[in-house]
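Please open the model in a viewer and keep the selection tool at hand. The tour below proceeds stop by stop, stating what to select and what is found there.

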Amino acid sequence: MHYSPPFSFTARHLPVSDMSNPTPATPYGTLPAASPLPARKPVSLPRLAELRDRGEKITMLTAYDATFAAVADAAGVECILVGDSLGMVCQGLASTAGVTLETMAYHVESVARGLRRVQGTAWLLGDLPFGSYHESKEQAMRSAAQLVHAGAHMIKLEGGGWTAEVVRFLVERGIPVCAHLGLTPQTVHALGGYRVQGRDDTAALTLKRHALELQDAGATMLVLEMVPAALATEITQQLPRCHTIGIGAGKGTAGQVLVMHDMLGINLGKNPKFVRNFMDGASSVREAMAAYVAAVKNGSFPDDSLHAW
Ligand code: KIV
């Protein structure tokens, strides 16, 4: 697959073989002490707002360890999410509900260390796991602080309504927050399975209300998972200060996220409809990730006729 992105590509997007000054070979995937790549401006909240203002889509991928995070950063991914999906892809759990805060902190720390080793510049998000923010705002603050201490720039939490108060509390205390609406995997059992959310008028209205409340509370990103494309586009237009990041929510969001294992085709089962396997036609993980970045930026992924509802 070959994409011709409309934005300016720098050498960091080129295959390793095209780089001058190659780093010496190292065993066990050892990361070089310093990146051989030209530096991009560190990704920050103002930088993400700039991307959105000029109509450039924001790219996000999950990563759970130092090496994959460094490769994603080198491929040009702007945001790296240490998602609690690690419970399913790394720990073999049946859902994300069993992931603990200690496990999240361990993986955030590994990813942050990997990014530091290569002078990575990606924006790093850490997921607050189930049970770590549900009791009180104070509990949420303690949990968020643990992920910030581990190296996260932003924390993510799931749900709408009751979470607005928690988000406000964290934002007022200097912690950037990404919210998550639609299919919220931590409560998959209450939702009756991995189903599209917001399909009927009442559910769509509730979703829109929750999204506005979260922006008002200070959330600066919002993952919209398995939401009809038209609804996700409407929510995006209503949220100028909060960047929507879609997964199974069509191409109208401000950015896209996929679980790394899904987009690399590391799946013995069937990938969900909203996933494209970017290893098809790629000769390395880095190339697959760069193809994902290019496809999101040039609007060829997601394709609403294939990947959305
Ligand atoms: O945990 C995770 O990886 C996520 C993404 C699916 C957005 O929440």
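The first stop concerns disulfides: the count for this predicted model comes to 0. To see why, select Cys-79 and Cys-178. The cysteine sulfur closest to that of Cys-79 belongs to Cys-178, and the two are 8.7 Å apart, which is too far for a bond. A disulfide would require the sulfur atoms to lie within 2.5 Å. Now add Cys-242 to the selection: its sulfur is the closest cysteine sulfur to that of Cys-178, yet the separation of 7.4 Å is again too far for a bond. Are Cys-79 and Cys-178 buried or exposed? Cys-79 is buried, with a relative accessible area of 0%, and Cys-178 likewise counts as buried at 0%.

**The barrel**

Next, display the strands as a cartoon. A barrel is closed by 8 strands, which follow the order β1-β2-β3-β4-β5-β6-β7-β8 with parallel pairing. On average, and with direction ignored, neighbouring strands of this sheet are turned by 25 degrees against each other.

For one pair within the barrel, select residues 221-225, strand β6, together with residues 243-247, strand β7. These two strands run parallel and are joined by 5 bridges. Within this pair, Leu-222 has Thr-244 of β7 standing opposite.

**Two helices**

Select residues 163-172 to highlight helix α6, and then β4 (154-158) and β5 (177-182), across which α6 lies. The helix runs at about 170 degrees to β4.

Move on to helix α5, residues 137-150, and pick out Ser-143 within this helix. Ser-143 is buried, its relative accessible area being 5%. Which residues does Ser-143 touch, not counting those up to four places away in sequence? Select Leu-101, Leu-128 and Ser-132, for these are the residues in contact with Ser-143.

**The second largest pocket**

The last stop is an open space. Rolling a probe the size of a water molecule over the atoms shows where empty space is left. The second largest pocket holds about 540 Å³ of space. Its lining consists of 24 residues; to find its centre, select Ser-85, Met-88, Glu-225, Val-259 and Asp-262, which lie nearest to that point. Colour α3 (86-89), β4, β6 and β8 (255-258) as well, since these are the elements that give two or more residues to the lining of this pocket. Strand β6, already visited as the partner of β7, thus returns here as a contributor to the pocket lining.

Definitions and conventions
Residues numbered from 1 in each chain as written. Predicted model: local features only at pLDDT ≥ 70, side-chain atom pairs only at ≥ 80, totals over all residues. Heavy atoms only, no water. Buried < 20%, exposed > 50% of the residue type's maximum accessible area, 1.4 Å probe, protein only. Helix = DSSP H or I, 4+ residues; strand = E, 2+ residues; numbered from the N terminus. Contact = heavy atoms within 4.5 Å. Pairing = 2+ DSSP bridges. Axes fitted to C-alpha atoms, helices over the stretch in contact; angles between N-to-C directions. 1 Å grid on protein atoms, 1.4 Å probe; cavity = no way out; pocket = protein on both sides within 12 Å on 5 of 7 lines; lining within 4 Å. Points joined across faces, edges and corners; volume = space filled by probe spheres on them.
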